[in-house]
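This report goes through one protein chain, from its overall make-up to single residues. Please keep the sequence and the model at hand while reading.

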Amino acid sequence: MALFKRNNGTEQAEMSFIDHLEELRKHIIRSILAILVFGIAIFIYRDWVFDNIITGPIHADFISYRALCDFSHWAHLGDVLCMPPVKVDMQTTTFAGQFLSSITMSLVGGIIIAFPYIFWEFWRFIKPALKDKELKNTRFIIFWVSFFFFCGAAFGYFLLGPFTFNFLAGFQLGTKGVLVTRPTLTDYLDNLTNLILGCGIAFELPVLAYLLTKIGLISPSYLRRTRKYAVVIILIAAAIITPSPDWMSQLIVFLPLFFLYELSIIISARVSKEQEKRDQEEWS
């Protein structure tokens, strides 16, 4: 397997399976240490992080509420995007609930912040197995993977989060006011984590299209032919990413994902054109 062959300068050394696992273990350990460093920093400042970041999407003065309302007025849409202040009274049902939630908050935050370094370690592991031509085609990959991940995470936090929590907190079953929504802290953190990480991973679609086109698994014509199936898959993904069933939240997820799919077609077409040009130069 090519993965078991590591380039060392001009020489190529074959690694045994044990050596391969040992190398992988080193990269995993360094990644975990990076997560722990950022996680410990978040845990030290957990009160500030919780008050200003974690509970941001459920604060009435959250920046997204004001920005969406201002945009709605600017676009002459009235108060369509103006959401009423949401009031959420969370609770913990166990003695260790707040402590364990702070640990979860710190670790998830550490993973998000350390994502570029984690991917860099992963890239260092597979890089020696690539040929020089393949390495040339993957320049700036760490930047673009991190860029799209953070764009997706910001989208989930600043845009999708307010819509989701506003809808879920304001949804009322029955007309007599018998039920009161009082979610647990764990439930809130799970929903917020799914939104941020789910959108972050979903936004990697252009990078995935670039790599798959490079290795010949997909082509721009294939992406165009499967567009109608992609729409259905994106709708299903939007329903999975958004905890709330309202059409507005799912539409907010669908539109950027569909845009990313169209962007993937453009990227794939450009890569395919460059490869055809390079092949013609080699055979001419």
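## Fold and confidence

From the N terminus on, the elements of the protein chain follow the order β-β-α-α-α-α-α-α-α-α-α-α-α-α. That makes two strands and 12 helices. The model is predicted, and its pLDDT averages 83 over the protein chain, with 87% of the residues scoring at least 70. Residues 8-13 stay under a pLDDT of 50, and the model has seven contacts for them beyond four places in sequence.

The protein chain has 284 residues, of which 37% count as buried. Its exposed area is about 17,800 Å², and carbon and sulfur atoms supply 67% of that area. Among contacts in the protein chain with a separation of 6 or more, 78% are between residues 24 or more positions apart.

## The nonpolar core

The largest nonpolar core has 48 residues, and the members that touch the most others are Ile54, Phe155, Tyr188 and Leu192. Helix H7 (residues 141-170) gives the most to this core, with 10 residues.

What does Tyr188 touch, leaving aside its neighbours within four places in sequence? Tyr188 is in contact with Ile54, Thr55, Pro57, Ile58, Met90 and Phe165. Ile54 and Tyr188 are thus both among the core residues that touch the most other members, and the two are in contact with each other.

Phe155 has its place in helix H7. Phe155 counts as buried because its relative accessibility, 12%, is under 20%. Not counting residues up to four places away in sequence, Phe155 touches Leu160, Cys199, Phe203, Ile252, Val253 and Pro256. Of these, Ile252 and Val253 fall within the range of helix H12 (residues 247-283).

Gly156 also lies in helix H7. Gly156 is buried, with a relative accessible area of 0%. Outside the residues up to four places away in sequence, Gly156 touches Gly161, Leu195 and Cys199. Cys199 is therefore a contact of Phe155 as well as of Gly156, and Cys199 is itself buried at a relative accessible area of 2%.

Thr164 is a further residue of helix H7. At 0% relative accessibility, Thr164 counts as buried.

The table lists C-alpha separations for pairs of residues set apart along the chain.

| Pair | Residues apart along the chain | C-alpha separation |
|---|---|---|
| Phe155 and Leu195 | 40 residues | 8.8 Å |
| Gly156 and Thr193 | 37 residues | 9.2 Å |
| Thr164 and Ile58 | 106 residues | 9.8 Å |
| Leu251 and Ala238 | 13 residues | 7.7 Å |

## Helices H1, H5 and H12

Helix H5 covers residues 115-126, and its 12 residues should span 16 Å at 1.5 Å a residue. The end C-alpha atoms of H5 are 17 Å apart, which agrees with that span. Which residues of H5 are buried? They are Phe115, Phe119, Glu121, Trp123 and Phe125. An α-helix has 3.6 residues a turn, so residues three or four places apart point the same way.

Ser31 is found in helix H1 (residues 17-44). Why does Ser31 count as buried? The reason is its relative accessibility of 9%, given that buried means under 20%. Not counting residues up to four places away in sequence, Ser31 touches Tyr117, Ile118 and Glu121. Glu121 is one of the buried residues of H5, and Ser31 in H1 is one of its contacts.

Leu251 is found in helix H12. At 33% relative accessibility, Leu251 counts as partly exposed, because the value lies between the 20% limit for buried and the 50% limit for exposed.

## Cysteines

How many disulfides does a search of the whole structure find? The search finds zero. Two cysteines show contrasting surroundings: Cys151 is partly exposed, with a relative accessible area of 30%, whereas Cys199 is buried at 2%. Cys199 is in contact with Phe155 and with Gly156.

Note on methods:
Residues are numbered from 1 along each chain as its sequence is written. This is a predicted model: local features need pLDDT of at least 70, side-chain atom pairs count only at pLDDT 80 or more; totals for chains, interfaces and linings use all residues. Side-chain values use heavy atoms; hydrogens and water are left out. A disulfide is a pair of cysteine sulfur atoms within 2.5 Å. Buried means under 20% relative accessible area, exposed over 50%, partly exposed in between (1.4 Å probe, protein chains only). Helices (H or I, at least four residues) and strands (E, at least two) are DSSP runs, numbered from the N terminus. Contact means heavy atoms within 4.5 Å. Accessible areas come from the Shrake-Rupley method with a 1.4 Å probe; for residues, only the protein chains shown count as cover. pLDDT is the predictor's confidence in each residue, from 0 to 100. The expected span of a helix is 1.5 Å times one less than its number of residues. A nonpolar core is a set of buried Ala, Val, Leu, Ile, Met, Phe, Trp, Tyr and Cys residues joined through side-chain atoms within 4.5 Å.
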